[in-house]
Amino acid sequence: MSACVKKRKIDTECRVFNKTWTLKYFFTEVKGKAVCLVCGEQVASLKDYNLNRHYETKHADKYQNLTDAERVQTSEALLAKLKKQQGFFNKLHTSRDAAAKTSFVISHKIAKNTTMTHQYPALTPEQKKELQDIAERIVAPGKGILAADESTGSMGKRLNPIGVENTEENRRRYRQLLFTADQRIDNCIGGVIFFHETLYQNTDDGTNFSQLIRDRDMVVGIKVDKGVVPLAGTDGETTTQGLDGLSERCAQYKKDGADFAKWRSVLKISDTTPSELAILENANVLARYASICQQNGIVPIVEPEILPDGEHDLKRCQYVSEKVLAAVYKALSDHHVYLEGTLLKPNMVTPGHACSTKYSSEEIAMATVTALRRTVPPAVTGVTFLSGGQSEEEASMNLNAINNCPLAKPWALTFSYGRALQASALNAWRGELNNEKAAAEEFIKRAEANGLAALGKYESSGSGTAAGKSLYVANHAY
Amino acid sequence: MTHQSPTLSEAQKRELHETALRIVSPGKGILAADESVGLMAKRLAQVGVENTEENRRQYRQVLFSADDRINGCIGGIIFFHETLYQHSDNSVLFVKMIRERGIMVGIKVDKGLVPLAGTCGETTTQGLDGLSERCAQYKKDGAVFAKCRCVLKISDANPSQLALAENANVLARYSSICQQNGIVPIIEPEILPDGDHDLKRSQYITEKVLAAVYKAMSDHHVYLEGTLLKPNMVTAGHSCSTKYSPEDVAMATVTALRRTVPPAVTGVAFLSGGQSEEEASVHLNAINNCPLAKPWILTFSFGRALQASALRAWRGHKENEKAATEQFIKRAEANSLACQGKYTDGDNYGESGQRSYGSCHAY
């Protein structure tokens, strides 16, 4: 049975829209159909009779009293209105088409680029060179960092025990005595970390502190983090804030003489910590900070401190340190940080404060160097240890042992000490003008001791054994 | 993860570390003789030899019967499963022959590449099933190290995050299992040289791949001192129009490694990829002369780059065996010098030694 299209009478009638119908019945032609301009309704066939009937029954009462001129006006107005409506949809269609096409182009670009296969250079070779040079200057052989960036609150904790009021002037006087120590510190101190306030303070004779340090060929650094904040849902763990507006702050600090920065994240060891979240979040925040610093010509010191609080032993501290550092360097890689233009400021690997076992400097050194060897890429220019809760002597001896550790250590291993450089100086000063010289002497003494320790040449005069490789336990396979 | 669950005892760690050290002792590298049956078909076809088990045995015998000159050049040989149980003409087990010469025996344990659905032609590697039992058996049969090869490629869309994460994970699982069985894992994340990408791009990708690999190793608690890395050298793609000197290649390679490979890794034994025998030696030499600090041993784990001439000289004929073995010894000695930075080639690459490494190493 053959299918055949039924013949329709209307197809053969050649009906055409008559232009007079626009004025007479307010109709127009849209795509071969008659459309009423007043109500938008479509009439089935292009026949005078049909259009007339539609107009007479629905709209005639409204328009029958119009003059011819008014009729023309009305029909033109209605036509314009229809065109506008149509234009709306046309525009919608074309803009939707354009949107679809754009969306495709963008998706294609995204598909091409989100797969990290192409490098979008974060830094020019010149920027990289500048960063690496700064880093190398800070950790030049025999040199380390004076961490003088205690916040106002922390300074209160330092000054109260020696009976000094925590005023801006006292803080200025105290930093002054450190910064004006004589030329003996020029060989031991590669960089000084400032607190914001201190960057804009002057010596008694009006020399800006930042300028003073730079004139002595030491690099000026600035603490840029804004302290720790709690991580909800964890057992007392924290992350560090300070990323907001960090780029602008770095740009300003760079103008004001700073060439490196410091940011401290904190982790702690307990039965439940550090958690995956704390490790991940702190590593990420450190990587973001590092990336932003480098964009502004500032060398970031990356400080993922694992607190010594607790009763964990040396092995546990080493294990946690390795996990933390692995996460840190993965994050730095993900954030395209230029490792040669960074420094690491980790804790030494030590037992917890409440741990009953005692360990020698050599054991601490072996654990520390092993942890670093397993996680810190050789491209990192230097490792500047924090002293944590260690005494001045402990910190020097441990640093010395680290530098005498027989394992291959491809990064500079030096100090970035706060208390371990200043404790005796503070005690000697006690806020008195007459004590300034003696206080400065104490500081110089520790600076020189640590300068030697950074070269593995420190011989402690107090308790404790002489340095040297002989005390290293043969088994270093922790 | 705050408490460490014991993975390896001190004794196990020491054994793994010492084995790794022996494989890459100064002046020594690895002969990769682990071509699968399918791959051997390709190699033998090129020299008109039928791919039979006997021919494969005879060919490996050509290599393994090299005289004492290779004892100072070859620290380890990677076997294919079949070869582990084959004998010389004198009915001496190959494994025994090799071990008695103080050379470590290794075994390829992966089971080849499989596609990653939803990617643009990327793969992962299979072989983890029953791997522990297989390793235990191989250890009994004389193997002390293993090899698993993962493959990544560079193109507009590749490598994808998935390919990076998946292959890094497979390598870490494999490593963990090997170490549990006293086997040193060689970790091979090969990035193919196919494509027209330049040296910089290859370096960038290599850095990302290796960063992912070592994070996975950390996550899986792998003992790095008891592992070896077998990466590609950082080179431009085969169809790249720019030509780079051996020093360029060396600088890019060493920089990439310095940014990603922790010093604890005992050694890095490069694969030769598509390089000719001479190219591979010259590059390895340049790498060892690169002025940047390199805290790991940098040596070779070559297949074709040690065997190409030997294969061609042999052509399956008994009377050619001696000549073929000589070819192999020649390359072994060349690479032994190269991995100490002492290779001076006679061919068209010019003099070796402290060449100009370009002041800019800040890629």
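Two strands count as paired if DSSP finds at least two bridges between them. Strands here are DSSP runs of E with at least two residues, helices are runs of H or I with at least four, and both are numbered from the N terminus. With that in hand, strand β8 (residues 228-229) of chain B pairs with β9(B) in the parallel sense over two bridges.

A word on ground rules. This is a predicted model, where local features need pLDDT of at least 70 and side-chain atom pairs count only at pLDDT 80 or more, while totals for chains, interfaces and linings use all residues. Residues are numbered from 1 along each chain as its sequence is written, chains are lettered from A and ligands numbered from 1 in the order in which they are written, and side-chain values use heavy atoms, with hydrogens and water left out.

**Chain B strands**

Back to that pair: Leu229(B) stands opposite Val268(B) of β9(B). Strand β9 (residues 267-270) of chain B is covered on both faces, with Gly267(B) and Ala269(B) buried on one side and Val268(B) and Phe270(B) buried on the other. Buried means under 20% relative accessible area, exposed means over 50%, and partly exposed is in between (1.4 Å probe, protein chains only).

Pro115(B) sits in strand β4 (residues 113-115) of chain B. At 69% relative accessibility, Pro115(B) counts as exposed. Leaving out residues up to four places away in sequence, Pro115(B) touches Glu122(B) and Thr123(B); contact means heavy atoms within 4.5 Å. Pro115(B) and Gly267(B) are 152 residues apart along the chain, and their C-alpha atoms are separated by 30 Å.

**Chain A overall**

Chain A has 16 helices and 13 strands. Of its 478 residues, 52% are buried. Take the contacts between residues at least 6 apart in sequence: 76% of them join residues at least 24 apart.

Eight strands of chain A close into a barrel with parallel pairing, in the order β4-β5-β6-β9-β10-β11-β12-β13. Within that barrel, β12 (residues 382-385) and β13 (residues 412-417) of chain A run parallel and are joined by four bridges. Thr384(A) has Thr414(A) as its bridge partner in β13(A). Helix α11 (residues 276-295) of chain A packs on the sheet, touching β9 (260-267) and β10 (299-306) of chain A, and its direction makes about 175° with that of β9(A).

**A helix pair in chain A**

Helices α14 (residues 392-404) and α16 (residues 436-453) of chain A have axes that come within 8 Å and cross at roughly 20°. That makes α14(A) roughly parallel to α16(A), a label for angles under 35 degrees. Axes are lines fitted to C-alpha atoms, for helices over the stretch in contact, and angles run from 0 to 180 degrees between N-to-C directions. Among the residues making the contact are Leu399(A) and Asn403(A) of α14(A), and Arg446(A) and Leu452(A) of α16(A).

**Backbone oddities**

Two loop residues of chain A have a positive phi without being glycine:

| Residue | Phi | Loop (chain A) | Relative accessibility |
|---|---|---|---|
| Lys31(A) | about 55° | between β1 (27-30) and β2 (33-36) | 81%, exposed |
| Arg430(A) | about 50° | between α15 (419-429) and α16 | 37%, partly exposed |

There are cis peptide bonds too. One runs from Thr273(A) to Pro274(A), with omega near 0°, and Pro274(A) is in the loop between β9 and α11 of chain A. Another runs from Asn158(B) to Pro159(B), with omega near -5°; Pro159(B) is in the loop between β6 (145-152) and α7 (161-180) of chain B.

How values were computed. Angles under 35 degrees count as roughly parallel, over 145 as roughly antiparallel, 65 to 115 as roughly perpendicular and the rest as oblique.
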